[in-house]
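Reader: I've got this one open on the screen and I keep getting lost in the middle of the sheet. Could you pick the central stretch apart for me, residue by residue where it helps?

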Amino acid sequence: MPASTDPLKDLRAFVGEWNVAGAMTLDEPMEISGWTGFEWLAGGGYLVQRSTTEREEFPNTLAVIGPADEGEGYVMHYFDSRGVHRVYEISLEAR
């Protein structure tokens, strides 16, 4: 786990494994369930997220989260089983 002075310290609350569930409508209403987990990269410095779902309509994902190069916040590099990759800027409010 990163030291207390690490810029990633506010992400500690995410570390663990989580069952997730929800509902949405594409062509028809559907229930969605899956799993997501967050863990520190060996040696620290980055938080790694993996997720899966039981529905074929939704991809399995991998993301690597680290501090932004400039200013506050974080950068997330996202990859999924469809071959999609994205970069997101993330910020947290009120922890």
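Author: Let's start with Gln-49, whose bridge partner in β4 is Ala-63. Before we go further: this is a predicted model, where local features need pLDDT of at least 70, side-chain atom pairs need 80 or more, and totals for chains, interfaces and linings use all residues. Residues count from 1 along each chain as its sequence is written, and side-chain values use heavy atoms, leaving out hydrogens and water.

Now look at the other neighbour of β3, which is β2. Phe-38 has Gln-49 as its bridge partner in β3, and Trp-40 is bridged to Leu-47 of β3. Taken as whole strands (DSSP E runs of at least two residues, numbered from the N terminus), β2 and β3 pair antiparallel over 7 bridges; pairing takes at least two bridges found by DSSP. These two strands make a hairpin with 6 residues between them, and Gly-43 in that turn has a positive phi of about 90°. On to β4: β3 and β4 are also antiparallel, this time over 5 bridges.

How much of β3 is covered? In this strand, residues 47-53, 5 of the 7 residues are buried, meaning under 20% relative accessible area with a 1.4 Å probe and protein chains only (over 50% is exposed, in between is partly exposed).

Zoom out and the sheet is an open one of 6 strands, ordered β1-β2-β3-β4-β5-β6 with antiparallel pairing. The edges are β1 (16-25) and β6 (85-90); each has a single partner strand, so one side of each has no neighbour in the sheet.

Back to β4 for a moment, and to Thr-61, which sits in that strand. Thr-61 counts as buried because its relative accessibility is 15%. Skip the neighbours within four places in sequence, and Thr-61 has contacts (heavy atoms within 4.5 Å) with Gln-49, Arg-50 and Ser-51, plus Tyr-78, Phe-79 and Asp-80.

Phe-38 deserves a second visit. Its relative accessible area is 13%, so Phe-38 is buried. With sequence neighbours within four places set aside, Phe-38 touches Phe-14, Val-15, Gly-16 and Trp-18, and also Leu-47, Val-48, Gln-49 and Ile-65. Phe-38 belongs to the largest nonpolar core as well, a group of 9 residues that also takes in Leu-8, Leu-11, Trp-40, Leu-47, Ala-63, Ile-65, Tyr-74 and Met-76. Two or more of those core residues come from each of β2 (29-40), β4 (61-67) and β5 (74-80). A core here is a set of buried Ala, Val, Leu, Ile, Met, Phe, Trp, Tyr and Cys joined through side-chain atoms within 4.5 Å.

Then there are the rings. The whole structure has 2 aromatic pairs. One of them is Phe-14 with Phe-38, a tilted pair at 5.5 Å centre to centre with 40° between the planes. Phe-14 is in the segment before β1 while Phe-38 is in β2, so this pair links parts 24 residues apart in sequence. Phe-14 comes out partly exposed, at 36% relative accessibility. Tyr-78 and Tyr-88 also pair, edge-to-face, with 6.1 Å between centres and 85° between planes. Tyr-78 is in β5 and Tyr-88 in β6, so here the tied parts are 10 residues apart. Tyr-78 is buried at 13%, whereas Tyr-88 is partly exposed at 34%. For Phe, Tyr and Trp (its six-membered ring), pairing needs centres within 6.5 Å; planes under 30 degrees apart are stacked, over 60 edge-to-face, the rest tilted.

Note on methods: Helix = DSSP H or I, 4+ residues; strand = E, 2+ residues; numbered from the N terminus.
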